[in-house]
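Visitor: I am new to this structure and should be grateful for a close look at a single part of it. Please take one sheet and set out its surroundings with care.

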Amino acid sequence: MNASLNSTTVESVIQRRRDAGSGALVGYLPVGFPDLATSVDAAVALAENGVDVLELGVPYSDPVMDGLVIQRATQEALKQGFRVRDVFTAVEQIRARVDVPVLVMTYWNPVLQYGVDRFADELVSAGGAGLITPDITPDAADDWIATSDRTGLDRVFLAAPTSSDERLKRTVQATRGFVYAVSTMGITGLRTDLDAAARTLIARLRVAGASTACVGIGISNPEQVHQVLEYADGAIVGTALVKALADGGVSKLAETAAALSAGTTLN
Amino acid sequence: MSLRDNTGPFFGEYGGRFMPESLIAAIDEIAEAYEACRTDESFQAELRELHRSYTGRPSIITEVSRFAEHAGGARIILKREDLNHTGSHKINNVLGQALLTKRLGKTRVIAETGAGQHGVATATAAALFGLECTVYMGEVDTQRQALNVARMRLLGAEVVSVTTGSRTLKDAINEAYREWVTSVETTNYVFGTAAGPHPFPLMVRDFQKIIGEEAREQVQELTGRLPDAVAACVGGGSNAIGIFHAFLDDPDVRLFGFEAAGDGVDTPRHAASIGKGRPGVLHGARSYLLQDEDGQTIESHSISAGLDYPGVGPEHAWLADIKRAEYRPTTDTEAMDALRLLSRTEGIIPAIESAHALAGALKLGKELGPESTILVNLSGRGDKDVATAGEWFGLFDEGARQA
Ligand SMILES: Cc1ncc(COP(=O)(O)O)c(C=O)c1O
């Protein structure tokens, strides 16, 4: 399967925005927060307010890469009875309403327990684009690499400022969709200053052969989006969106998304 | 192949290194430094000297005949890790990892802790080596092991009470990982049990295997032969693998791990990961895990903070699968009864964790008969548990309770 032939693949959407002189906005929200139906409406609102690629989080009991805002939201979703199968319902409903690619961001054990093949097949049926896997690396993901090769799903792996050149090269080779560059040595959360480490990491990823690389973690306002898009192909925003949804519901979320997406066209 | 030679990263299908990329460089650095230390005579000599002059090794063995009268007449011999400086086996591992921290040139250590014993040991080593120290501990545990919180603070460590998730050991580990991601350049993570990503299960086991190596000699000297059975409690599995390891290639020595059964393994409130869990990935390794159908971790329950963990080290998962070791449950009540029995018959107050192994040994003795000898790892002393025991048995005078 040749991903670049499809106009709505993650990579083609990001590249189209980059080629137009700017870059993409990637927006994260957890499934099931504050409830399943609202999380679907919220994701649709992102797409309708300028978010180019959706990243749907799977609530998990042990989210080691998440800060407090996202932890609170995902714990609430779990308390409300979130089930892993709800992810496919959400993806399907979102894809029926808006034409943006949907990636699923998930810790590894829920996929493992669902069955890697079964999870992938149901994600394909629901119209999902692939997985972002924050707590495994390509060298620990043989089963997922085989399954994503079989199904054509994107597999987004993370790159960190501390990653060696050799590891960056392997990550770039293993990745499909975009490389997720961790901006700073931290977990998800708001930061006022974006780390210069992000700029350096993106430059190193280019040398390692990355055609599409987005920066995530710590981006919370339009200026930061704009700043990141000077050197990266996409800016990933999570905590700021989850906080808007938690504080002011879908309407506040829509406003925040629109403001952030203005950052992709600032001069 | 000798079972003792397995050095990971995989033990059968268990173990590995399932970790965020942000921590891989630090873990690689530890793995590489540890690989060098494993065969570095100066490192090993420095550690041996610390054990001799600081920890108080070798720890003795004590035969407990009055206690053994309640075990069908079998001989019961305790390996006295409770007599180590800081009161448990945890110091064996911590001194090793603290020396490694120095070799890495890092100036700060972080640790997770359940019962507080690993936290106390880490705070102790940090004081000894002049390192900054922060310990993460679930809020439930800071309450039930308040004495150890004060001990850590006395030793100069910062104790962070973790209020997310189940507020016990697993969440303390999550929080320590989160913190480590942000401070990895100056900070080493001193992991407290034989679980987590490679090389922790290997490294912690190597630092703890001195327990079994000493005991194997000591028991032979006392009885003229190897024990018939070796018993230990299993939280993450460090004291158990520490005493098992020297016996892995002695096929006539049966190995028994006792998991915390809380209210009972047929209730939802227990911590029997091997007995009741199934394989999954948590905290960086594949192993047995208490989890629901969706792979969400199920909260464990045990009166013992040190055993209140829904996972277990990968080497135990492997030993269980190949049937080299057997894992059995001990309930809260059985453990507390054994704690009181050892106190009254021998004048030794064990940690509640260790009491799970003692309760197991009482049953094993009846099963194996009066000709048998059982070696039990007394992994820690019960000073930290006096408040819990006082409440359990109603030992406090009305109105005389101390905070
Ligand atoms: C005295 C004692 N024994 C046992 C344990 C359980 O840990 P592990 O299974 O790693 O030996 C602890 C943990 O805190 C402990 O303090």
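Before turning to the sheet, what percentage of the contacts in chain B with a separation of 6 or more is accounted for by residues 24 or more positions apart?

Guide: The model is a predicted one. In chain B, 74% of the contacts with a separation of 6 or more are between residues 24 or more positions apart. The chain that holds these contacts has 403 residues, of which 63% are buried. Its secondary structure consists of 16 helices and 14 strands. Along the principal axes, the C-alpha atoms of chain B occupy a box of roughly 60 × 55 × 50 Å. The radius of gyration of chain B is 19 Å, which agrees with the value near 22 Å for a compact globule of 403 residues.

Within chain B, the part chosen for a close look is an open sheet of 6 strands. Read across the sheet, the order is β3-β4-β14-β9-β10-β13, and the pairing is mixed. In general, strands of a sheet pair through backbone hydrogen bonds, and they may do so in parallel or antiparallel fashion. The edges of this sheet are formed by β3 (61-63) and β13 (325-331) of chain B; each has a single partner strand, so one side of each is left without a neighbour in the sheet. Neighbouring strands are turned against each other by 25° on average, direction ignored.

The edge at β13(B) deserves particular attention. Its partner there is strand β10 (residues 254-262) of chain B; the two run parallel and are joined by 7 bridges. Across this pair, Phe256(B) stands opposite Glu326(B), a residue of β13(B).

Two helices also belong to the picture. Helix α14 (residues 332-346) of chain B lies across β10 and β13 of chain B, and its direction makes an angle of about 85° with β13(B). Helix α15 (residues 352-368) of chain B lies across five named strands, β4 (75-80), β9 (229-234), β10, β13 and β14 (373-378) of chain B. With respect to β9(B), helix α15 runs at about 150°. Strands β10 and β13 of chain B thus appear beneath the description of both helices, α14 and α15.

Finally, chain B has a neighbour: 26 of its residues are in contact with 30 residues of chain A. On the side of chain A that touches chain B, the elements giving two or more residues are α3 (68-79), α5 (108-114) and β6 (158-159) of chain A. Helix α5(A) gives the most, with 5 residues. The residues on that side of chain A comprise 17 nonpolar, 9 polar and 4 charged.

Notes
Residues numbered from 1 in each chain as written. Chains lettered and ligands numbered in written order. Predicted model: local features only at pLDDT ≥ 70, side-chain atom pairs only at ≥ 80, totals over all residues. Helix = DSSP H or I, 4+ residues; strand = E, 2+ residues; numbered from the N terminus. Rg over C-alpha atoms; globule rule 2.2 N^0.38 Å. Buried ≥ 20, exposed ≤ 12 C-beta atoms within 10 Å, placed from the backbone. Contact = placed C-beta atoms within 7 Å. Pairing = 2+ DSSP bridges. Axes fitted to C-alpha atoms, helices over the stretch in contact; angles between N-to-C directions. Nonpolar A, V, L, I, M, F, W, Y, C, P; charged D, E, K, R; others polar.
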